[in-house]
Amino acid sequence: MKTGMNKLFVLAFLTFFCTSNMLICFGQVNQPDGNRSNARMPRFTPAQLDSMRKVTDERLRKDWAFLKRYSDENKNLPAVAPGEKRVVFMGNSITELWKTVDGDFFAKNKSFIDRGISAQTTPQMLVRFRNDVIDLNPSAVVILAGTNDIAGNTGPITIENIFGNIVSMAQLAKANNIKVILCSVLPVYEYPWSPGLEPAEKIVKLNAMLQSYSKKNKMVYLDFHSAMSDEKKGMKAEYSADGVHPNLKGYKIMDELVEKAISRALKIK
């Protein structure tokens, strides 16, 4: 019962709190006075948890892939300018929080479009891939996905099926002349909301499959895992407050790596 409540707490928090454009989410954020601080998740009463669960369940029934999340932003996004190389970042909370925790990165790279949605798994991303990637006419897409599948956010799923969903997104991109950057899943030793799953080796296995696929299909593989993992194959403590989501220091590591990967991808003929 306690484990179920912990999972409910974090899933509700991610979908309800983070996607409502709140600034304090799992780690360091930009404070008005320029100071950095490690945010802590607030404590909710049982009534508040129940209310958030109902909101989340209702949304999952009516808009399982959360197509409405970026519908207005997509409609209002300007057409790609001549010579512009637009890049869409497709992912989950790690991607969504990127533009909040490390907003300067997206401010200086105005052609980078963040389309992460907290708590999402690869089947949800696959459903919304046309709306949130293909229809935006990017030159490249950065796909960072799979950790929430391993955490069981939308139910049990095999590593092979997670891989298949990511490959399907890559194939859709390639069919629409969009260069693909396939990212490794970030290291995790344990999910706070789903303890006991022993995800570290599962992530290593999935990453090996993604790396092999990228090499065979002339796509860029971006290895965040090697740069951010500790001796237990979890996230280095200096890069995360909860062992899953990067803090500002973690995102700065990712900034440098993703810029290099995008540059490589755009040069592929």
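Here is a short chat about helix α10 and one of its lysines, Lys 202, in a predicted model.

Colleague: What distance separates the end C-alpha atoms of α10, and what span should its 18 residues give?

Modeller: Helix α10 covers residues 199-216. Taking 1.5 Å a residue, those 18 residues should span 26 Å. The end C-alpha atoms agree with that, as they sit apart by 26 Å.

Colleague: Within what arc do the buried residues of α10 fall, seen down the axis?

Modeller: Pro 199, Ala 200, Ile 203, Leu 206, Asn 207, Leu 210, Tyr 213 and Ser 214 are the buried ones in α10. They line one face of the helix, because seen down the axis of α10 they fall within an arc of 150°.

Colleague: Fine, so what covers those buried residues, and which residues are exposed on the other side of α10?

Modeller: The cover over the buried residues of α10 includes α8 (147-150), α9 (159-175), β4 (179-183), β5 (220-222) and α11 (224-228). On the other side of the helix, the exposed residues are Lys 215 and Lys 216.

Colleague: And Lys 202, how exposed is that one, by relative accessible area?

Modeller: Lys 202 belongs to helix α10. Buried would need under 20% and exposed over 50%. Lys 202 lies in between, so it counts as partly exposed, with a relative accessible area of 32%.

Colleague: Which residues does Lys 202 touch, leaving out those up to four places away in sequence?

Modeller: Val 185 is 17 residues from Lys 202 along the chain, and their C-alpha atoms are separated by 10.0 Å. With residues up to four places away not counted, Lys 202 touches Ile 150, Ile 159 and Leu 197.

Key. Residues numbered from 1 in each chain as written. Predicted model: local features only at pLDDT ≥ 70, side-chain atom pairs only at ≥ 80, totals over all residues. Heavy atoms only, no water. Helix = DSSP H or I, 4+ residues; strand = E, 2+ residues; numbered from the N terminus. Expected span 1.5 Å × (residues − 1). Buried < 20%, exposed > 50% of the residue type's maximum accessible area, 1.4 Å probe, protein only. Arc of directions from axis to C-beta. Contact = heavy atoms within 4.5 Å.
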